[in-house]
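Let us practise reading a protein structure together. Each exercise below gives you a task and then a solution in steps, so keep the structure in view as you work.

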Amino acid sequence: MDAARLHAAGPGEARPDVTRLDITRFNPPRPEPDSPHALTGPRRRRTIIVTAAGSVAGGLGLWAADPGAFAGLPAAFWVMAVLALIADARPYLVPGRRVGSIILPSICFTFAILLAWGSAPALVVQFGAVTVAGVRMRHSVRRTLHLALQHAVALGAAAVVAGVTSLRIGPGEFGPSLRESLLICVAAAAWIGARHGVAALVRRWTADVRPRTHRRRGRADLLATAALLLLGPILLVAAVVSPALLPLSLLALHAVHRMVRWAGESERAARFDALTGLPNRRALQAAIAERSPDRRRALLLLDLDRFRTVNDALGHGSGDRLLTRVADRLAGVVPAHDLVVRLGGDEFAVLATRVEGPAAARRIAQHLAEALSRPFPLDGTPVELSASIGIALQSGRRDAGTLLREAEAAMYEAKQRGDQIAVHGPDAAHHSPDRLALLAELRTALRENDEGITLFYQPQIAIATGEVTGVEALLRWCHPKRGTVGPEELLRVAEPTPVMRMLTARVLEEVIAQLAQWRSQGRPLRAAVNVSARDLHAGDIADRVGALLSRYSVPAELLQLEITESALMADPHRVLETTTRLSRMGVAISLDDFGTGYSSLQHLRRLPLAEVKIDRSFVLGMATDRGDAAIVRSVVGLAEALGLRAVAEGVEDEATWRLLAAAGCHTAQGWFHARPMPAAGLAEWLARYRPVQPRKIESGKPSNQ
């Protein structure tokens, strides 16, 4: 990518329409008469003169070759000829740039003329109609000749079928048999096949490598062409009654025009983003599916950081305008051979088609990041934006879904590391073949609702009183071949991928259903559930939690969600918005593994937290390491000052229990009291448990263990 091109569009400067046409080459709009691509001025006049002269010369040549074919033509012929010229003043354009994407309504008249009066009169009328269409669309002479060639060959193919089968129908004696009706269909099929064959040959000769026509476009083209051709015999039937009925066919042509136009609009709506005008996810998948064996491609997925703050501060209307300017900025700095896509929300993607390797892909990502780093003027206020970019290289036969998942995983990895760019690669630890296999197996197990995915619960004990204050839900997977897979391994594999959201949804529903069961049994316990950065960034977790609490009639205060410092640092503003919504619902928020990340005291003060959990790595060494003990006491003091509960994880012996009590820690969790256990085992444990305070402990473990 040329660095100079990156700065072609200034801040807030909209890129030219021609750039968008190059980038969205899958479905570009046709040039209107006042389009910058249309012929204007002297060049247009010369084109009209040359085209008209060529059409007249062609007609005269056909007349000179067979003057008898034009002798004594009836009034019906002349009415059809005039209507053909009138109809082609408004040609139909199936979305696409190629001449083959143009459907001339005159073909219904010229096909009827072919059936009734032969190929020579039909070709003369068709040349005149093509001339009208070319002038109306302001085509060059070359494009008009290309269009004329297609229709001449198509009429010739239909004439061959008619000649071989002796199919000749005059309006005066029109009463076709079943055989003649079938032959008319065969002639129409020959017409369609010949035209598209010529178009394909011309594209091949001119090295036209644009993407192939999509199926929906092809269906619309074929249906409209067949409808027009088979309207021809019906026109001959009308001519039997009176040629004055033929102008009524213009209403049918208008209906076909509306059908073609609707097909184009429907396809564009399905494959283009309504807000920005960029191609959408479906267009990207189609582009990825097109094989490019001689080139290596890269997918760059961009997620705008802190975009929601713009919506909150300036409103959704301003947010939409900002997205359109981001789209313009990206499309303005990306070459025409690449594709810019809006995936939805604040996510964009770039499919780079000429990439040598990871280093080249990183350079493209850095150029995009630099382009987005320039302020966006919005309502007189310069808005600063940045993006996290994940890169996936396409090699082999990976499909669009796989490539998108890999780019998304890399993007979340960049967010978690605090970097702006990350490349998905097989050398990363979580991309090993074994973990990829485990991920695929986990996805299948979640979809099939595998009962091997279960939850264990570990009690949390109030240190001052010994009472059970709640439990933490811990995930286990009893794999049929691997044995028990613990939560750390499951989260490490699933968190960078969309499987994490599936896993969280499963865990939340099971935990809330269990809370409802405990509550109905007269033992309302609070349960804590870990949620990932991906869940918090998605933004809809508050809605999902609210729906589950309502469905199972569980009070919000019985649920607590635990977030990690890494999730907080990946996108603090988005996490703040999501956790604030949850807190207002009554769901408690806990900061897990505190002390192992890089969160600042400012984040700790702003987040709607109810507790902090001291990481087990500090708690385990309290009894033997003065540094660990000092850190734990400091965190407990900080939590006390901020009005938060302090929970110590990994309490495994009496000495640690006593030290935590002396430090004023509120809650402890660990094997000193109980190991994680299934819901049924927890019920039995609770029936046996008797609260024990630290000062009453005389042995290595509480007597009720």
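Two strands count as paired if DSSP finds at least two bridges between them. Keep in mind that this is a predicted model.

**Exercise 1. Get an overview of the chain.**
How many helices and strands are there in the protein chain, and what share of its residues counts as buried?

*Solution.*
- Step 1: Begin with the elements. The protein chain holds 27 helices and 18 strands.
- Step 2: Turn to burial. The chain has 705 residues, and 51% of them count as buried.
- Step 3: Look at the contacts with a separation of 6 or more. Residues 24 or more positions apart account for 74% of these.

**Exercise 2. Describe the hairpin.**
Find the hairpin formed by β4 and β5, and describe its pairing and its turn.

*Solution.*
- Step 1: Check the pairing. Five bridges link β4 and β5, in the antiparallel sense.
- Step 2: Pick out one pair. V340 is found opposite V350 in β5.
- Step 3: Go to the turn. Two residues lie between the strands of this hairpin, and G345 in the turn has a positive phi of about 60°.

**Exercise 3. Build the sheet around the hairpin.**
In which order do the five strands of the open sheet lie, and which are its edge strands?

*Solution.*
- Step 1: Read across the sheet. The order is β4-β5-β3-β8-β9, with mixed pairing.
- Step 2: Find the edges. β4 (339–344) and β9 (421–423) are the edge strands, each pairing on one side only.
- Step 3: Consider the twist. On average, neighbouring strands of this sheet are turned by 20° against each other, direction ignored.
- Step 4: Add what packs on the sheet. Helix α14 (residues 358–373) touches β3 (297–305), β5 (347–352), β8 and β9, and its direction makes about 155° with that of β8.
- Step 5: Compare two pairings. β3 and β5 run antiparallel and are joined by six bridges, while β8 (residues 386–394) and β9 run parallel and are joined by three.
- Step 6: Name a partner in each. L301 has A349 of β5 as its bridge partner, and I391 has V423 of β9.

**Exercise 4. Sort the side chains of β5.**
Which residues of β5 point one way and which the other way?

*Solution.*
- Step 1: Recall the rule. In a regular strand, side chains alternate between the two faces of the sheet.
- Step 2: Apply it. E347, A349 and L351 point one way from β5, whereas F348, V350 and A352 point the other way.
- Step 3: Check burial. Six of the six residues of β5 are buried, and the strand is mostly covered.

**Exercise 5. Compare two helix pairs.**
Are α4 and α5 roughly parallel or roughly antiparallel, and what about α18 and α20?

*Solution.*
- Step 1: Take the angle of the α4 and α5 pair. Helix α4 (residues 75–87) and helix α5 (residues 107–117) pack at about 155°, with axes 9 Å apart.
- Step 2: Use the cut-off. Angles over 145 degrees count as roughly antiparallel, so α4 is roughly antiparallel to α5.
- Step 3: Look at the contact of α4 with α5. Its residues include F77 and M80 of α4 and F109 and W117 of α5. By class, they divide into 11 nonpolar, no polar and no charged.
- Step 4: Move to the other pair. Helix α18 (residues 499–520) and helix α20 (residues 541–552) pack at about 30°, with axes 10 Å apart.
- Step 5: Use the other cut-off. Angles under 35 degrees count as roughly parallel, and therefore α18 and α20 are roughly parallel to each other.
- Step 6: Look at the contact of α18 with α20. Among its residues are R501 and E509 of α18 and R544 and R551 of α20. The classes are 10 nonpolar, no polar and four charged residues.
- Step 7: Add the handedness. The crossing of α4 and α5 is left-handed, and that of α18 and α20 is right-handed.

**Exercise 6. Find unusual backbone angles.**
Where does R138 lie, and where is S553?

*Solution.*
- Step 1: Recall what is usual. Most residues other than glycine have a negative phi.
- Step 2: Place R138. This residue lies in the loop between α6 (119–137) and α7 (141–164), and its phi is positive, about 60°.
- Step 3: Place S553. This residue is in the loop between α20 and β14 (559–564), with a positive phi near 55°.
- Step 4: Check the surface. S553 has a relative accessible area of 51%, so it is exposed.

Notes: Residues numbered from 1 in each chain as written. Predicted model: local features only at pLDDT ≥ 70, side-chain atom pairs only at ≥ 80, totals over all residues. Heavy atoms only, no water. Helix = DSSP H or I, 4+ residues; strand = E, 2+ residues; numbered from the N terminus. Axes fitted to C-alpha atoms, helices over the stretch in contact; angles between N-to-C directions. Contact = heavy atoms within 4.5 Å. Parallel < 35°, antiparallel > 145°, perpendicular 65-115°, else oblique. Left-handed = near helix turned anticlockwise from the far one by under 90°. Nonpolar A, V, L, I, M, F, W, Y, C, P; charged D, E, K, R; others polar. Buried < 20%, exposed > 50% of the residue type's maximum accessible area, 1.4 Å probe, protein only.
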